[in-house]
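Let us take a friendly walk through the ligand site of this model and the spaces that the protein encloses. Please keep the structure open beside the text as you read.

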Amino acid sequence: MIIAIDGPAASGKGTVSKALARHYRLPHLDTGLLYRAVAATVRRLELDATIEADAVAACDFDELTLADPVLRTDEIGQLASVVSAHPLVRAALLQRQKRFAHQPGGAVLDGRDIGTVIAPDADAKLFVKATPQIRARRRHTELQSHGSTLSFDKVLTDIRARDARDSGRSAAPLVMAADALLLDTSFLSIEASVEKAIALVEGRISPGR
Ligand code: CDP
């Protein structure tokens, strides 16, 4: 079974995906980490994220980069959304994600284009959203817990900039797949979000039960 989870930054898609993976005992891939690793490599090599050839050169990143705590920073999140707009960067990371999705037994993947590009054939697709203010509050708290001193206003501005870039790009923009189910986590606790996500997936995979 393939479960595709898409949605904007800090919508709760990561938490929901991990919980669904645990619930259904499926492997999970946070595809945002791949773009974050490209961004961190661009920065380390002092390349220019806005130049497609530079960003492509960083797609061959060292696997250890995926565990680097720098990937969680706001700066790398912003840079990830710059490198991810290049079609050749998306192409370089495509097969890896498709292979993960289509491994025997299935998988849970979360990102921006899972239900539309990586696994349009997924058994269940969720689009997770929340208001920008609520997402910024969550991201601000999360960044603070990692020692960041960024203000709430800066986090909100950055989230809005990233939303605009991710939704406005021509290569695999962030859009809800026609057959995705909407999960608005704005006023839901983590537990309630997970419960709702499981109920939505169950409704898709065993309708009428
Ligand atoms: O965790 P958060 O939602 O803040 O971001 P992320 O999922 O780690 O993704 C970082 C950036 O990578 C996003 O802003 C997107 O620009 C890009 N991305 C993408 O283009 N396609 C994906 N499947 C996943 C992430």
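The report below turns to the ligand first, then to the pocket, and then to the cavity. Please keep in mind that this is a predicted model.

**The ligand and its shell**

The ligand is surrounded by 18 residues, and the closest are Lys-13, Arg-36, Arg-139, Arg-162 and Asp-166. By class, this shell holds nine charged residues, five polar ones and four nonpolar ones. Three helices, α2 (32-44), α4 (74-83) and α8 (152-168), each contribute at least two residues to the shell. Of the elements around the ligand, α2 gives the most, with three residues.

Oxygen atoms of the ligand take part in polar pairs with protein side chains, and three of these are set out here.

| Side chain | Partner | Distance |
|---|---|---|
| Asp-166, polar atom | ligand oxygen | 2.6 Å |
| Arg-162, polar atom | ligand oxygen | 2.7 Å |
| Arg-90, N or O atom | ligand oxygen | 2.8 Å |

Asp-166 and Arg-162 thus appear in the table and also among the closest residues of the shell. How much of the ligand's surface does the protein bury? Taken alone, the ligand exposes 530 Å², and 95% of that is buried by the protein.

**The largest pocket**

Where does the ligand sit? Its place is the largest pocket, which contains about 1,100 Å³ of space. The lining of this pocket is made of 42 residues, and those nearest its centre are Lys-13, Gly-14, Asp-30, Arg-139 and Glu-142. Lys-13 and Arg-139 are also among the residues closest to the ligand.

Many elements share in the lining: α1 (13-24), β2 (28-30), α2, α4, β3 (107-111), α7 (132-145), α8 and α9 (190-205) each supply at least two residues. Helix α1 has the largest share of the pocket lining, with five residues, whereas α2 gives the most to the shell around the ligand. Sorted by class, the pocket lining comprises 16 charged, 14 polar and 12 nonpolar residues.

**The cavity**

How many cavities of 30 Å³ or more does the structure hold? There is one, and the volume of the largest cavity is about 30 Å³. Its lining consists of Asp-6, Gly-115, Lys-125, Leu-126, Phe-127, Val-175, Met-176, Ala-177 and Ala-180. Strand β4 (residues 124-129) provides the largest share of that lining, three residues. The classes here are six nonpolar, two charged and one polar residue.

Definitions and conventions:
Residues numbered from 1 in each chain as written. Predicted model: local features only at pLDDT ≥ 70, side-chain atom pairs only at ≥ 80, totals over all residues. Heavy atoms only, no water. Near = heavy atom within 4 Å. Polar contact = N/O pair within 3.5 Å; in protein donor to acceptor, adjacent residues only side chain to side chain. Areas by Shrake-Rupley, 256 points an atom, 1.4 Å probe, with all protein chains shown as cover. 1 Å grid on protein atoms, 1.4 Å probe; cavity = no way out; pocket = protein on both sides within 12 Å on 5 of 7 lines; lining within 4 Å. Sits in = over half its atoms within 2 Å of the grid points. Helix = DSSP H or I, 4+ residues; strand = E, 2+ residues; numbered from the N terminus. Nonpolar A, V, L, I, M, F, W, Y, C, P; charged D, E, K, R; others polar. Points joined across faces, edges and corners; volume = space filled by probe spheres on them.
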